[in-house]
Amino acid sequence: MSKLVIVESPAKAKNIKGYLGRGYDVVASMGHVRDLPAARLSVDIENDFEPKYAVIKGRENFVKDLKKKADNADYVYLATDPDREGEAISWHLATLLDLDMKDKNRVTFNEITKNGVQTGMANPREIDLDLVDAQQARRILDRLIGYKLSPFISQKIRRGLSAGRVQSVALRLIVDREEEIRAFKPEEYWSIDAKFTNPPERKVFSASLYSKDGKKIKIENKEQSDKILSDLENAEYEVVGVKKGTQKKNPTPPFITSTLQQEASRRLSFQARRTMKAAQELYEGVDVGSLGTVGLITYMRTDSLRISEEARAAGNEYILSTYGEKYLPKKPRYYKSKNNIQDGHEAIRPSMPKVTPDSVKSYLTSDQYKIYKLIWERFTASLMEACVQDTMKIDISANDYIFTATGYTVRFDGFTALYEEKVDDEKSDSSSAPLPPVKQGDKLKLKNILGNQHFTQPPARYTEASLTKTLESNGVGRPSTYVTITSTILNREYVKREGKQFVPTELGEAVTKLLEDKIPNIVNVKYTSKMENDLDKIDSGEKNYKEMIRHYYEDFEKPLEQAKVDMQGVKIRLKEEETDVVCEKCGRNMIIKVGRYGKFLACPGYPECKNTKPLIYKTKAKCPECGGDVIEKKTKKGTSFYGCSNYPNCNFMTWDLPSDEVCPRCGKSLFKRKGNVLYCPDTEGCGFTKPVLKKKKTEEE
């Protein structure tokens, strides 16, 4: 019998074909083959929000060939990704191929290994229409909101803008945080910090002033600090309390999509898109020598913390053989997932826990290795015994004042022998320093004592990691959407990056204010969270997806129509960015404007002066062929490339990034190519190259 298996990606198709062998034809759909056409709304509002799907432009021949393959096959298996989106793709394929929706032709692979593929093929099921409806509800709502709202804000602010069910909430969070920072007024406070030794011990330890006469002390200015330091002149310092204890520190759960993105950002400075690209490759399969081509991790879009008992046993076996019995908890640890999740999935884990990162490092790209190491260590550590710490708190008396010192030593390292989660804005913590042995009544020797000035700090701007964490904790968006959200608000120039941080632009603030004033539900975190929870109920069949769409569409449509009436003839003016380019017709400095085809330079004297010209971003490099300026250009798809400003008289062009360094041999500008290598593009064959040296991070960075 001939069997046709349809998956989503060519890499996965190749690997699965290797596991299934003869009699199976495995083809890739390359994602969606049918969708709501972009040229129109494609949702019949008057006919109970019926979606009007069509084959995606350019996929017609693929669908035609796929129908032939399906007609000639004895059986068709739909093996798209194991999530809502994958379920919807299978449903669209079944519709196009005239497959019976009651057939058990849907198979899913949690991992692309021989066992994972064989298990999936041995357990076919019907397409889950509740999951399909849940995806349709999101797709239709996003289309209705986007197609109705985007033209409104484009008309009122600037051409080409967009708004969305989740992106608008994410933008509002960033804008609100910026307003908090602007409104923040720093408050001065002081601390009194001392260093002691306990003779004959030489070890110096730190303590800070805590209280006076039993009341916690607050020092607001230098005068108060100086008064306390004066009170403490020639004071004797005596240990009046020593409190010892133990505390357990448990490992963090294995990764879900959002926590993987956050930890990769904190540890590796990876943006979410880069993290998910490497994870996708690890899931779909990598050639790792004697093991062949195998998926090294389970499916990477999940919010479930569950792991299979087989994976637990394999992880425990590794821990036992590598670290010993005391590193395994006597009672297995289980992590509880949040409500309303697709718990058919597992957490992100290594598909074969015995395959260590170092054993496959030579077969992986740098990004693949770093992400696999992160996933493998997090999973393995989650199965290990807790870290046990001996804690110590010392109270030191001096003239009615009490200083305190805290610290700990590690009695048993447990899971920290392998992995420990980083936290945002991690700083050195003096409380982690072990304290010397002291007892009540000991007289301490003061090494130094200082009053230190501090100021309260404003809340930190969001990074990609902290924004994802906030959206997730508020129940806004889902694992598969976080990458798209941040990409969209950056591409629309609603926010810009400063280092890792997101800073709203004037445009982003204007869009948020307009939505807050006129359609507040769209940027309301709690409202959007409730919408997400209701959409999740479609998964389990608790809610009808058409009724859900109707309810939320009516909530959205009425204020939008009222806003159109209220703002008839109103246009929100943004401050235009002035450049140092002088208009050759009237002498004014030209400004940047945005038109149908992107940004351009225009004279601010319009309509008296109508001069315009292309916006050219000049780099510091010079053309290696004629010495002209190297300028940045864009393809129709928005991809950057670089060429000579003297075009068409000079045809120099490159995809490589110009640098501000020059060749030490011939003096021409150097360019950076893949692999972080600077090279001289001299056509006469200079041939100079050198690696790009990474800057050492400062403490502030």
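This is a short tour of a predicted model, stop by stop, with a selection to make at each one.

**The whole chain**

Start with everything shown as a cartoon. The chain has 701 residues, and 47% of them count as buried. Along the principal axes, the C-alpha atoms fill a box of roughly 90 × 75 × 65 Å. Colour by secondary structure and you will be looking at 17 helices and 30 strands. If you like contact maps, here is one number to keep in mind: among contacts with a separation of 6 or more, 66% are between residues 24 or more positions apart.

**Helix 1 and what covers it**

Select residues 10–20, which make up helix 1. Which residues of helix 1 are buried? They are Lys-12, Ala-13, Asn-15, Ile-16, Tyr-19 and Leu-20. Now show what lies over them: the cover includes strand 1 (3–7), strand 2 (24–28), helix 4 (114–122), helix 9 and strand 13 (293–294). Before leaving, click on Gly-21, just after helix 1, where phi is positive at about 75 degrees.

**The second largest pocket**

Next, select Glu-85, Asp-142, Ser-480, Thr-481 and Thr-484, the lining residues that lie nearest the centre of the second largest pocket. The full lining comes to 45 residues, and the space inside is about 1600 Å³. To see the elements that give two or more residues to this lining, show helix 3 (84–96), helix 5 (129–156), helix 9 (272–284) and helix 14 (482–491). Helix 5 gives the largest share, with eight residues. Colour the lining by class and you should find 17 charged, 17 polar and eleven nonpolar residues.

**Glu-87 in helix 3**

Stay with helix 3 and select Glu-87. Is Glu-87 buried or exposed? Its relative accessibility is 1%, so Glu-87 counts as buried, the cut-off being under 20%. Draw a distance from the Glu-87 side chain to the backbone nitrogen of Asp-128, and the viewer should give 2.9 Å. Then display the rest of its surroundings: beyond neighbours within four places in sequence, Glu-87 is in contact with Thr-80, Asp-81, Arg-106, Arg-125, Glu-126, Ile-127, Asp-128, Leu-131 and Val-132.

**The largest cavity**

The model has three cavities of 30 Å³ or more. For the largest cavity, select Asn-521, Ile-522, Tyr-527, Met-531, Tyr-552, Asp-555 and Phe-556, which line it. The elements giving two or more residues to this lining are helix 16 (525–539) and helix 17 (545–566), with helix 17 supplying the largest share, three residues. About 50 Å³ of space lies within the largest cavity. By class, its lining has five nonpolar residues, one polar and one charged.

**The cysteines**

For the last stop, show the cysteine side chains. How many disulfides does the structure hold? The count is zero. Zoom in on Cys-586, whose nearest cysteine sulfur belongs to Cys-603 and is 3.3 Å away. A disulfide needs the two sulfur atoms within 2.5 Å, so Cys-586 is in no disulfide. With a relative accessible area of 34%, Cys-586 is partly exposed. Finish by selecting Cys-663, which is buried, with a relative accessible area of 3%.

Note on methods:
Residues numbered from 1 in each chain as written. Predicted model: local features only at pLDDT ≥ 70, side-chain atom pairs only at ≥ 80, totals over all residues. Heavy atoms only, no water. 1 Å grid on protein atoms, 1.4 Å probe; cavity = no way out; pocket = protein on both sides within 12 Å on 5 of 7 lines; lining within 4 Å. Points joined across faces, edges and corners; volume = space filled by probe spheres on them. Helix = DSSP H or I, 4+ residues; strand = E, 2+ residues; numbered from the N terminus. Nonpolar A, V, L, I, M, F, W, Y, C, P; charged D, E, K, R; others polar. Buried < 20%, exposed > 50% of the residue type's maximum accessible area, 1.4 Å probe, protein only. Polar contact = N/O pair within 3.5 Å; in protein donor to acceptor, adjacent residues only side chain to side chain. Contact = heavy atoms within 4.5 Å.
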